[in-house]
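Reader: I'd love a close look at one part of this model, the aromatic side chains and what lies around them. Could you walk me through it?

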Amino acid sequence: MQNMRLIPPEDAPEEIARRLAIIAARPQLNAILGINPDAQAQAEQCQALRRRGDLLGPLHGVPLIVKDNIACAGLPLTTGCQALAALRPATDALVVRRLRAAGAIILARANMSEFAFDVRSRSSLGGDVHHPLFPGITAGGSSGGSAAAVAAGMAEGALGTDTGGSIRIPCSYTGLVGLRPRVRRAQMEGIAPLSLSKDTVGPMVHSVQDAALLHGILHGHAPRAVEPLSLKGVRFGVIRALEGSDAQQQEVWHAALARLTRAGAFLVETDLPIRGEIERATCLSLYEFRVGFEAWLKQHPGAPADLQGIVASGRFLPEFTPLLNLMLASDRLKTPAWRAGRQLQRWLRQELAQIAEHQRLDGFLYPTVSRIPDSLDKMPPGCAPELAAISGFAAITLPCGSTRSGFPVGLEILSLAADEAPLLALAAACETAFIRR
């Protein structure tokens, strides 16, 4: 299968040792918050089963890395925050249970933007996550540790969460495939919330096939390969207003569109009349975080009692103090501001559906971010990642090329389909076009 890397290793203990050596060799990336101390023993168990011809599933012995807001029983669950450093969940998150049932080994916990607040990954526990290829430049966020770890070879796949772009932004920066599935509340069981109406969990990997494999497992489906569509006759709505002004990125982006056209895709110039409202919108997490996070804290004995206790402790990044104080003021939902945010979600869904129907589109295309980063500072990603985050539709980013300096550029596809299968098929077709150049 094309570029598929998530395959059971012949020697699981050797594979775990190799990945641990890579982690140990690159501490300066700050990608990892902690190692699973039982990973090697679990690999030995997997190897014993393999010798008997008994594989647990399609991920038998495959090491994966998990963002540190996703519960793994017995391991810390910190969201990158010093105030939560001692928190140990008793049970796995739903998605982790499914990964383990498929044979995966949770190798390590990934650094992240503290509380998943930011589009770069900086935490009081782990510091800044650095880009594996460009030291001193951010790997993006909030799932930057997961992206940096996979891009650096610490594992072939990782889990991230995405509220406003937190899977797709770091995957774009590091040249990975990142899938933001549609919002399904049940999937978030055991995961620290940021925004109850926008949070999702998804794969961060090297290929669309690997994304499809992990996605199927996370959702309890039988794994199956994605058959790439022919792009002949496929109609993409290209949202030019989201192309940004980064000349290096635009050069790659326009070349990618030309390759899709040569492969047979029909590109339709698409406007987004509601763009101004999206750019001015206040994120729903401002109103939803306290309610969801405090309910989550109550599920974990020994955790701080509430958000006020965390703020009072001062054991978090000081730069988040103003934001946390704003969030403390929102102790309930269904306020006028919250209702306005929900109304914007409905407006955007309707707007995208009307455009897609009028122009007979199979999906929307735009650069994943408006410009590439040049430091560890937070980079404004533009409103492109918010199209999926606010509307709730599924989106995927995949690498479409690199700038002359070698920095990856991501192309995002948004699909209005009721599930992710059509989106994955479109992404596989685009991936094929980019590989075949």
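Author: Happy to! Let's start with the cluster: ring pairs link F115, F117, F289, F293, W296 and F320. Please keep in mind that this is a predicted model. In the whole structure there are nine aromatic pairs.

Take F115 and F117 to begin with. Their ring centres are 5.1 Å apart and their planes meet at 35 degrees, so this pair counts as tilted. Tilted is the class for planes that are neither under 30 degrees apart nor over 60. F115 has a relative accessibility of 3%, so it counts as buried. F117 has a relative accessible area of 16% and is buried because the cut-off is under 20%.

Now move to F293 and W296. Here the ring centres are 5.1 Å apart and the planes are at 35 degrees, so this pair is tilted. F293 and W296 sit three residues apart in helix 9 (residues 285–297), which means that about one helical turn separates them. Both of these residues are buried.

W296 also takes us to a pocket. The second largest pocket holds about 440 Å³ of space. Its lining is made up of 22 residues, and those nearest its centre are E189, G190, I191, W296 and Q299. So W296 belongs both to the ring cluster and to the group nearest the centre of this pocket. Sorted by class, the lining has twelve nonpolar, five polar and five charged residues.

Helix 9, in turn, leads to the largest pocket, which has a volume of about 830 Å³. There are 39 lining residues here, and K198, A281, C283, S285 and E386 are the closest to the centre. Helix 9 is one of the elements that give two or more residues to this lining; the others are helix 8 (275–280), helix 11 (321–328), helix 12 (336–359) and helix 13 (384–391). The biggest share comes from helix 12, with six residues. By class, the lining of the largest pocket comprises 23 nonpolar, nine polar and seven charged residues.

If you'd like to follow the path once more, begin at the pair of F115 and F117, go on to F293 and W296 in helix 9, and then look at the second largest pocket, where W296 is among the residues nearest the centre. From helix 9 you can then turn to the lining of the largest pocket, to which this helix gives two or more residues.

Terms used:
Residues are numbered from 1 along each chain as its sequence is written. This is a predicted model: local features need pLDDT of at least 70, side-chain atom pairs count only at pLDDT 80 or more; totals for chains, interfaces and linings use all residues. Side-chain values use heavy atoms; hydrogens and water are left out. Rings of Phe, Tyr and Trp (its six-membered ring) pair if their centres lie within 6.5 Å; planes under 30 degrees apart count as stacked, over 60 as edge-to-face and the rest as tilted. Buried means under 20% relative accessible area, exposed over 50%, partly exposed in between (1.4 Å probe, protein chains only). Helices (H or I, at least four residues) and strands (E, at least two) are DSSP runs, numbered from the N terminus. On a 1 Å grid over the protein atoms alone, a cavity is a set of points where a 1.4 Å probe fits but cannot get out, and a pocket is an open set with protein on both sides within 12 Å along at least five of seven lines; lining residues have an atom within 4 Å of a point. Grid points are joined across faces, edges and corners, and a volume is the space filled by probe spheres set on the points. Ala, Val, Leu, Ile, Met, Phe, Trp, Tyr, Cys and Pro count as nonpolar, Asp, Glu, Lys and Arg as charged, and the others, Gly among them, as polar.
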